[in-house]
Amino acid sequence: MKTIFLIATDSIRALLYQRLLLGLMVASLALTIVFSILMSSARKNITAAYSSEATHSATATTAATNGMSATEQKRFRASMEQASSFLQAEFYAMASGGGEVVSLFIFSLAVTSEIRRGTIRLTLSKPVSRLQFLLGKYLGGVVVMAGYAMLTCLAIFIFAQSQGLELNPAVKWAPWLMFCDELILGSVAMLLSLFVHPLVASVLALFGGNGLCSLHNPLYYLLPSYQDFSVFSQVLQGSLLSWKDVLFLSLYALDFVIIMLLLALWRFRAKELI
Amino acid sequence: MISLDKLSKRFGDRTAVDALSFEVPPGQIVGFLGPNGAGKSTTLKMLTGMIEPSGGRATVCGFDLQTQPVEVKRNVGFVPESGAVFESLTGLEYLEMVGALYGIPQNAARARIKQFIAFFDLSFETLTDKLLGAYSKGMRRKVVITSALLHNPPVVFFDEPLDGLDANAAVGFKALIQMLAREGKTIVYSSHILDVVERVCHRVIIIDKGKLLLDGKPDELVAAHNSGTLEKLFTQLTGGTELERRAEDFARTFRP
């Protein structure tokens, strides 16, 4: 186990030195924040529209509602809640998209870049088995993705505070689900990268979900189900996730990741490192 | 210390190493020679547990290569031919990680690293302040050699170890491996620089197309084949005929 942690620590250190990865993470979060600020202006427009309908007040929410009838106030509050939920869901959807790119970058290159550069010889000539190497590389990626998920949490909290939004209960599981989704995506990318070029592996992993398959298609049960982890659709459909749903999705992610890692190990063991 | 019994490696239809058998006792420096593509690096990769043999058997320090690869790795040091290093780690980070992989406590590893730094005329600041990617080829080589010897292994495999080292470092390195052999370590030295092999090694093994061609003491082999030098013997055995005449003919093509 110690060896796996050492490989993971080494991977994390190497990843953090990679300016491209750091740039991707910062750009992803920055884009998310910029987009969300743009979305918040849409929310302000809704407020302004209702305020003008009410005729009495200008911008303040409380002042606006004071001048409305009970029905208007109800409509206004519903619209405000919807806009707020949509805004937060959109924030997570953006962050999740960015996280997916980061995840593909990390996991598709984790093993293949070492093979290409020849550094794998330095590691595998030490008392490290291929299983330990593969698990260490995956674990390193998991830690970086966990850091990214925590940064996203922090960003949504700061964003919600600055915009005066109340955190929507529909999105409370979103960072965890986003993290699980990225780990599934990463494990698929890591497996495929042992067969094809990392870029091709990333594209196949990203667009190889079962979203386009019907329930009667056997591929539906073989391909990863990324869409189930999207909190955006949950919010739009107005359905809240229970802790049982989250537990089921977490177990599904764990199950899928284990199967992908076993397949990756099978392929990696057979791979000739000439 | 090292024992190969019909060790083979095939890549698809191509046989890279063909039923290679030999034994190396403790304290011996063996020059492992062969032309490009002879199967030297593949043999070394098998003996260091990096790739699995297709057939035959080999033991290193009594550990079976196929059933105890991690134990084999624990008892060997390996300097690969490739100059690849972890470019995004500092030299010290890399060496401390290697120390940890061998279970050496951090303080002991650091003390050992400082001894190597002193031997190779490197400064500690170089090791801590710069990433390996910014090192010169020679400095990278020194770090890789340090990483191979850090855990004081009984068996060391060197694949073109002098590549990139300056003259002084090369002289120091040659003296070091001779001293290590006197301390009882087994050293397998693969190189194309045959005069160095002739001077440093107690024994040479020449392979070609994965098969063993010759095995013996350098001076005895040279005398037995009446070839004068190991270099001439090597070219005789591996088909490098009329090289000087061919070079002369080719050089004429440069004349206006």
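Two strands count as paired if DSSP finds at least two bridges between them. Keep that cut-off handy for the exercises below, and remember that this is a predicted model.

**Exercise 1. Work out which strands flank S7 of chain B, and which way they run.**

Step one: go to S6(B), residues 76-79, and count. There are 4 bridges between S6(B) and S7(B), so the cut-off of at least two is met. The two strands run parallel. For a spot check, look at Gly77(B), which sits opposite Val156(B) of S7(B).

Step two: turn to S8(B), residues 186-190. This strand shares 5 bridges with S7(B), again in parallel. Here Phe157(B) has Val188(B) as its bridge partner. To get from S7(B) to S8(B), the chain passes through helix H7(B), residues 167-182, and the resulting β-α-β crossover is right-handed.

**Exercise 2. Are the residues of S7(B) buried or exposed, and which way do they point?**

Step one: take the strand, residues 155-159, as a whole. S7(B) is mostly covered, with 5 of its 5 residues buried.

Step two: sort the residues by direction. Val155(B), Phe157(B) and Asp159(B) point one way, while Val156(B) and Phe158(B) point the other way. Both sets are buried, Asp159(B) included.

**Exercise 3. Lay out the open sheet of chain B that contains S1 and find its edges.**

Step one: get the order. The 4 strands line up as S2-S1-S4-S5, with antiparallel pairing.

Step two: pick out the edges. S2(B), 14-24, and S5(B), 63-64, each have a single partner strand, so each has one side without a neighbour in the sheet.

Step three: check the pairings of S1(B), residues 2-11. S1(B) is joined to S2(B) by 7 antiparallel bridges. Along this pair, Leu7(B) faces Leu20(B), and Arg10(B) is opposite Thr15(B). S1(B) is also joined to S4(B), residues 55-60, by 5 bridges, antiparallel as well. In that pair, Asp5(B) stands across from Arg57(B).

Step four: look at the turn. The hairpin of S1(B) and S2(B) has 2 residues between the strands, and Gly12(B) there adopts a positive phi near 65 degrees.

**Exercise 4. Describe how H8 and H12 of chain A pack.**

Step one: set the scene. Chain A has 12 helices and 0 strands. Of its 274 residues, 41% are buried. Among its contacts with a separation of 6 or more, 76% are between residues 24 or more positions apart.

Step two: pick your descriptors. A packed pair of helices is described by the angle between the axes and the distance between them.

Step three: read off the values. H8(A), residues 174-193, and H12(A), residues 243-270, pack at about 15 degrees, and their axes are 9 Å apart. Angles under 35 degrees count as roughly parallel, so that is the label for H8(A) and H12(A). As for handedness, H8(A) passes H12(A) in a left-handed crossing.

Step four: list who makes the contact. On the H8(A) side, the residues include Trp176(A), Leu177(A), Cys180(A) and Leu183(A). H12(A) contributes, among others, Val246(A), Leu249(A), Ala253(A), Phe256(A) and Arg267(A).

Notes
Residues are numbered from 1 along each chain as its sequence is written. Chains are lettered from A and ligands numbered from 1 in the order in which they are written. This is a predicted model: local features need pLDDT of at least 70, side-chain atom pairs count only at pLDDT 80 or more; totals for chains, interfaces and linings use all residues. A residue is buried if 20 or more other C-beta atoms lie within 10 Å of its own, exposed if 12 or fewer, and partly exposed in between; C-beta atoms are placed from the backbone. A crossover is right-handed if, with the strands pointing away from the viewer, the path from the first strand over the helix to the second runs clockwise. Axes are lines fitted to C-alpha atoms, for helices over the stretch in contact, and angles run from 0 to 180 degrees between N-to-C directions. Angles under 35 degrees count as roughly parallel, over 145 as roughly antiparallel, 65 to 115 as roughly perpendicular and the rest as oblique. A crossing is left-handed if the near helix is turned anticlockwise from the far one by less than a right angle, and right-handed if clockwise. Two residues are in contact if their C-beta atoms, placed from the backbone, lie within 7 Å.
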